[in-house]
Amino acid sequence: MRFKYVPHPHDAAILSDALGECLIDWNIDNKKSTVTVNNCATNDAMILLLKDKLHSSCFLLDGKLFHMRCCAHILNLIIKDGLSVIGDSVDRIRDSITYWTTLVKRYEKFEETTRMIHVQYIKKLTLNCVTSWNSTYLVLSTALLYKNVFTRCKLRDSRYRGAPSEDDWVMAQSLCDKLVLFYKITKLFS
């Protein structure tokens, strides 16, 4: 709603006061229908305090829809929880990408291998942000394009010992097949 400095601590009472002041300052305290926040306990408590500060006539349906939870945040929590269960396969693929992208010589060898086995190099290998599941999806979907390259690179570089297994690739494909739907939904939310 507004960028405003809010002094520490950021507890429910202080956040409720800050948001309430904004609503009143802008004369919209009786014109809002919902407030959407992520799912932390502080926000739950903040909304309850805010509802107590505002006149009951301000709310649609007696305030039943006032507190809306962020769909993108809920989806993110669900997917991150699921990814934690199958993290080993994802970690091995991520480690392989790290191996091939951290040194220029290795990266060049990887690109050379793509040409050697006639795999079109259409997307650059990149590392993901481990706290962002959608970047994990993008990294895995790109890595799957080069599954055969990783396998071939294992034969070309004796120091490359962490190549993903066939089971890892099956898991990654299955995961990507499921995550693509969530990825599209998240883009719609955004």
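Hi everyone, let's start with one pair of side chains: R94 and D91 form a salt bridge, with their closest N and O atoms 2.8 Å apart. A salt bridge here means a side-chain nitrogen of Lys or Arg within 4 Å of a carboxyl oxygen of Asp or Glu. Side chains of opposite charge can pair when their charged atoms come close.

A quick word on the model: it is predicted, so local features need pLDDT of at least 70 and side-chain atom pairs count only at pLDDT 80 or more, while totals for chains, interfaces and linings use all residues. Residues are numbered from 1 along each chain as its sequence is written, and side-chain values use heavy atoms, with hydrogens and water left out.

Back to our pair. Both R94 and D91 sit in helix α4, three residues apart, about one turn of the helix. Helices are DSSP runs (H or I, at least four residues), numbered from the N terminus. Is R94 buried or exposed? At 17% relative accessibility, R94 counts as buried, while D91, at 32%, is partly exposed. The cut-offs are under 20% relative accessible area for buried, over 50% for exposed, and partly exposed in between (1.4 Å probe, protein chains only).

The structure holds five salt bridges. Another of them joins D168 and R92, at 2.7 Å from N to O. D168 is in helix α8 and R92 in helix α4, so this pair ties together parts that are 76 residues apart in sequence. D168 is buried at 2%, and R92 is partly exposed at 35%.

E112 and R156 also meet in a salt bridge, at 2.6 Å from N to O. This pair links helix α5, home of E112, to helix α7, home of R156, across 44 residues.

Now for the rings. How many aromatic pairs does the structure hold? There are 10. Rings of Phe, Tyr and Trp (its six-membered ring) pair if their centres lie within 6.5 Å; planes under 30 degrees apart are stacked, over 60 edge-to-face, and the rest tilted.

Y99 and Y160 have ring centres 5.2 Å apart and planes at 25°, so they are stacked. Both residues are buried. W100 and F110, with centres 6.1 Å apart and planes at 45°, make a tilted pair. W100 and F110 are both buried too.

Ring pairs link a cluster whose members include Y99, W100, F110 and Y160. Finally, R106 lies over the face of Y99, 3.8 Å from the ring centre; the rule is NZ of Lys or CZ of Arg within 6 Å of the ring centre and within 35 degrees of the ring normal. Thanks for listening!

Definitions and conventions. Helices (H or I, at least four residues) and strands (E, at least two) are DSSP runs, numbered from the N terminus.
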